[in-house]
Amino acid sequence: MLTEELRDILELSRKFAAKEIGPHMPDIDLTPSPDWTRSLWTKSRDVGFPGLLIPEEFGGFGQSDLCAALVVDVLAGECAGVASVFAHHFAAARCIASGSDEQKKTFLPMLANADGAEPVIGTVTPLPYLDENRLTLAERDGKLYLSGTSQLTGNAFLARHFCVFFDEGSAGADITCIVAEPGKPGCRVGETAGFTGLKLNPFAPVIFEDMEVPPGAVIGERRGAAPILQATEDLFYNLLSAAAMGAARTAYRKARAYAEERYQFGKMIVRHQEIQRILGTILMKLSVGTSGYLRAITHNDSELPYSSADPRFAKSYCTDAAVEIVLDAIQVHGGYGYMHDYGVEKIMRDVKVLSLLGGSSPRLHIQAVAKDLE
């Protein structure tokens with residue numbers, strides 16, 4: 001049961017998305033610009049979105065993970081790329097909230113965008129696969145230096161603060177996390193990946209060239225950040241699930257509207273059983289996917305065997321289901337589904353990239369079973 005406060009935030013989210021995002025889609029998708037995304041971010045500060053998860057004492061609103069997920073769901077209904085910008089930012093806020101009191105005082109007010117200064121966006125670099133540790137931390141003369149190249153990172157050309165996770169050992173046992181700022185000596189953003197989806201969120205690797213790690217930049221304990229990574233990943237997976245379902249909801253809405261205005265053999269195509277079967281299948285996947293991520297984010301375990309509310313499974317199901325939903329929505333549209341003006345093909349590109357973020361579904365399944373064996 002949603003509280004009245006949460007309902008008000010959702011209604012505010014719908015109005016914001018309908019006014020500031022919807023009218024610019026899908027045209028802005030043809031000519032994406034970090035400047036447009038930054039401008040939208042500045043407008044979002046007026047309604048408090050950047051500080052949703054940040055405690056009030058640091059200039060935020062102290063809302064729940066559920067609130068953040070529902071807002072991401074609503075925003076993704078207009079553009080999953082925009083929603084993914086907020087998902088990465090929220091993950092960075094969760095990471096830094098696990099740091100020391102001094103780190104919270106330093107970074108969280110900026111991430112909350114509470115001071116009215118230049119807009120600040122955060123992000124999280126994904127942990128490199130354990131068989132390709134790309135980042136290394138060296139110690140010389142009592143100072144730490146980071147070198148290497150991260151995997152593709154969202155908000156790469158937007159964020160001021162990067163929460164960088166890497167494994168200093170093997171098998172995920174020695175996780176370290178630091179906060180880095182692009183533009184500082186030894187830290188720069190590489191070439192954009194040029195994804196065909198999520199175009200409003202530029203992805204690129206972050207390159208570290210013997211970057212000096214300043215005092216206070218290590219979040220938590222060195223080689224002891226595995227719990228911080230777990231909490232950050234869990235939130236991020238849930239937010240990706242929400243974004244996938246939000247985008248898929250719009251694909252269904254578009255398919256349903258198209259089916260109710262097109263005629264074949266003298267009747268609306270929505271009256272044909274095959275179209276009803278497709279739309280019914282979409283509704284089933286939307287219902288199950290939404291229930292799954294809500295259960296994962298509220299930690300609502302049934303305690304039945306093999307039924308844990310694992311965010312990895314929610315992300316895997318929701319993103320895969322979203323791809324299937326959009327393909328079905330395109331089928332309802334026929335050849336028109338592949339035309340840019342109808343907006344469904346944009347959703348298809350977006351949800352396909354969402355399915356790859358945070359690790360592919362097979363990799364998440366392997367991780368879940370491997371964790372069970374520990």
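In what sense do strand E3 and strand E7 pair, and over how many bridges? Good morning. Before I answer, please note that the structure above is a predicted model. Strand E7 covers residues 206–213, and its pairing with E3 is antiparallel, over five bridges. One residue pair within this pairing is Tyr145, whose bridge partner in E7 is Glu212.

Let us now turn to the other partner of E3. Strand E2 comprises residues 135–140, and strand E3 comprises residues 143–149. These two strands also pair in the antiparallel sense, here over six bridges. Among the residues concerned, Leu137 has Leu146 of E3 as its bridge partner, and Glu139 stands opposite Leu144. What do E2 and E3 form, and how many residues lie between them? They form a hairpin, with two residues between the strands. Asp141 lies in the turn and has a positive phi of about 55 degrees.

We may now place these strands in their sheet. The sheet is open and has four strands, in the order E2-E3-E7-E6, with antiparallel pairing. Which strands stand at the edges? They are E2 and strand E6, the latter being residues 187–189, and each of them pairs on one side only. From one strand to the next, the twist averages 15 degrees.

I should like to stay with Tyr145 for a moment, as it leads us to the aromatic rings. Besides its bridge to Glu212 in E7, Tyr145 has a charged neighbour: Arg140 lies over the face of its ring, at 4.2 Å from the ring centre. A second such arrangement involves Arg262, which lies over the face of Tyr336 at 5.1 Å from the ring centre.

Tyr336 also belongs to an aromatic pair. A pair of aromatic rings is described by the distance of the centres and the angle of the planes. In this model the count comes to eight aromatic pairs. Why is the pair of Tyr336 and Tyr342 called tilted? The ring centres are 5.4 Å apart and the planes meet at 35 degrees; planes under 30 degrees apart would count as stacked, and those over 60 as edge-to-face, so the pair is tilted.

Are these two tyrosines buried, exposed or partly exposed? Tyr336 has a relative accessibility of 36% and therefore counts as partly exposed. Tyr342, with a relative accessible area of 24%, is partly exposed as well.

Finally, I draw your attention to one aromatic cluster, which is formed by Phe16, Trp41, Phe49, Phe86 and Phe90. Thank you for your attention.

Key
Residues numbered from 1 in each chain as written. Predicted model: local features only at pLDDT ≥ 70, side-chain atom pairs only at ≥ 80, totals over all residues. Heavy atoms only, no water. Pairing = 2+ DSSP bridges. Axes fitted to C-alpha atoms, helices over the stretch in contact; angles between N-to-C directions. Phe/Tyr/Trp six-rings, centres within 6.5 Å; stacked < 30°, edge-to-face > 60°. Buried < 20%, exposed > 50% of the residue type's maximum accessible area, 1.4 Å probe, protein only. Lys NZ or Arg CZ within 6 Å of the ring centre and 35° of its normal.
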